[in-house]
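Let's look at this model together, one question at a time.

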Amino acid sequence: MLCVDFLNTLYKLEINRTFIEHQKKYAIKKLNKYTNINMKNEKKIDPFGFREYDARWLFPESINELGIESVGKGFGTQVVKKNKSPTVIVGHDYRSYSENVKKNFVKGLMSTGCNVKDIGLCLSPTVYFSQFKLNSDAVAMITASHNENGWTGIKMGIEKGLTHCKEEMSDLKDIVLNEKFVSGSGKYEEIKEFNKVYIKELTKNKLKKKLRVVAACGNGTAGIFAPEILKGIGCDVIELDCNLDYTFPRYNPNPEDMEMLHEIAKCVKENNADVGFGFDGDGDRVGVIDDNGNEIFADKIGLLIARNISNTHKNSKFIVDVKSTGLFASDEILKKK
Ligand SMILES: [Zn+2]
């Protein structure tokens with residue numbers, strides 16, 4: 001760039017403009033050529049993108065297409081080591097570049113011998129559900145969850161209903177960075193309209209009493225699921241930012257973010273709703289607001305669910321996450337059951 005800037009300065013000084021103009025064009029061309037070579041032919045992966053339970057990068061700043069392909073090869077290698085000729089289900093969230101990221105990830109997966117079933121635009125829970133419904137050996141979801149536009153990421157799992165744990169993530173990082181890939185040749189299949197199967201399953205049970213509900217999606221992917229599912233079980237739904245827009249013009253789809261929670265609370269009060277739900281970008285987290293506009297913390301919601309499940313499953317064990325308080329252990333109703 002220095003060279004172009006220097007020529008610009010000379011241009012301003014009006015020293016032989018035709019010559020300078022020619023030199024400037026040449027310098028820009030050379031610079032672009034160099035950048036393109038770097039972008040297209042050199043793999044870029046920031047090792048810090050491999051996190052404890054999933055992976056996340058700025059695309060294409062911290063990982064490029066070739067980098068994503070390598071992560072696909074790495075995950076494929078892990079899957080092939082566990083199952084011969086395995087099937088892997090993939091899906092993606094709604095961002096301008098998610099399909100492109102998925103395409104490169106799939107390319108990597110197939111090169112290791114994994115057969116790919118692509119369910120398209122969906123939520124992370126849709127992918128986990130599909131593993132049981134379509135009986136696959138592994139799943140991968142291209143999503144940056146609640147992160148702002150510009151981020152991409154991958155949530156992966158091999159065991160049914162489980163995502164990669166710490167050890168599996170560090171194994172993946174080692175395979176990818178040291179290129180310890182296996183090779184094979186997998187097939188590709190597009191599964192059309194799987195979202196309808198998912199929505200049908202979730203609307204099987206209906207509410208006994210009609211509820212007036214605010215569904216807030218922050219313009220994330222959950223917008224094409226949450227209102228339909230809530231209506232399907234018998235709710236009267238007030239939609240808040242449910243149209244898809246990956247620029248997230250109002251706020252990030254993050255139900256832990258006060259901005260989103262305040263908007264939901266306002267909407268609940270204005271519409272006299274019974275409850276408000278705020279979903280994150282890929283629909284695997286929810287924030288709940290009561291009829292007075294107050295946030296109900298996650299462990300209280302967990303306790304309500306646990307009490308409900310304990311009616312049908314006596315003497316069951318409940319696993320709660322590290323963020324929960326002692327509420328579960330001290331609850332008298334839960335103790336009795
Ligand atoms: Zn999420």
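**Core, helix and loop**

Student: Which residues does V214 touch, beyond those up to four places away in sequence?

Tutor: Before we start, this is a predicted model, where local features need pLDDT of at least 70, side-chain atom pairs count only at pLDDT 80 or more, and totals for chains, interfaces and linings use all residues. Residues are numbered from 1 along each chain as its sequence is written. Contact is taken as C-beta atoms, placed from the backbone, within 7 Å. By that rule, V214 touches I238, L240, I264, C267, V268, N271, A273, G276 and F277.

Student: Where do the buried residues of α6 lie around its axis?

Tutor: Helices here are DSSP runs (H or I, at least four residues), numbered from the N terminus. Buried means 20 or more other C-beta atoms within 10 Å of a residue's own, exposed means 12 or fewer, and partly exposed is in between. L172, I175 and V176 are the buried ones in α6, while K166, E167 and D174 are exposed on the other side. Judged by directions from the helix axis to the C-beta atoms, the buried residues fall within an arc of 95°, so they line one face of the helix.

Student: What is among the elements that cover those buried residues of α6?

Tutor: The buried residues in question are L172, I175 and V176. Their cover includes α3 (65–82).

Student: Is N252 buried, exposed or partly exposed, and why?

Tutor: N252 sits in the loop between β8 (236–240) and α9, and touches H146, E148, G218 and D257, leaving aside residues up to four places away in sequence. Because 18 other C-beta atoms lie within 10 Å, N252 is partly exposed.

Key: Contact = placed C-beta atoms within 7 Å. Helix = DSSP H or I, 4+ residues; strand = E, 2+ residues; numbered from the N terminus.
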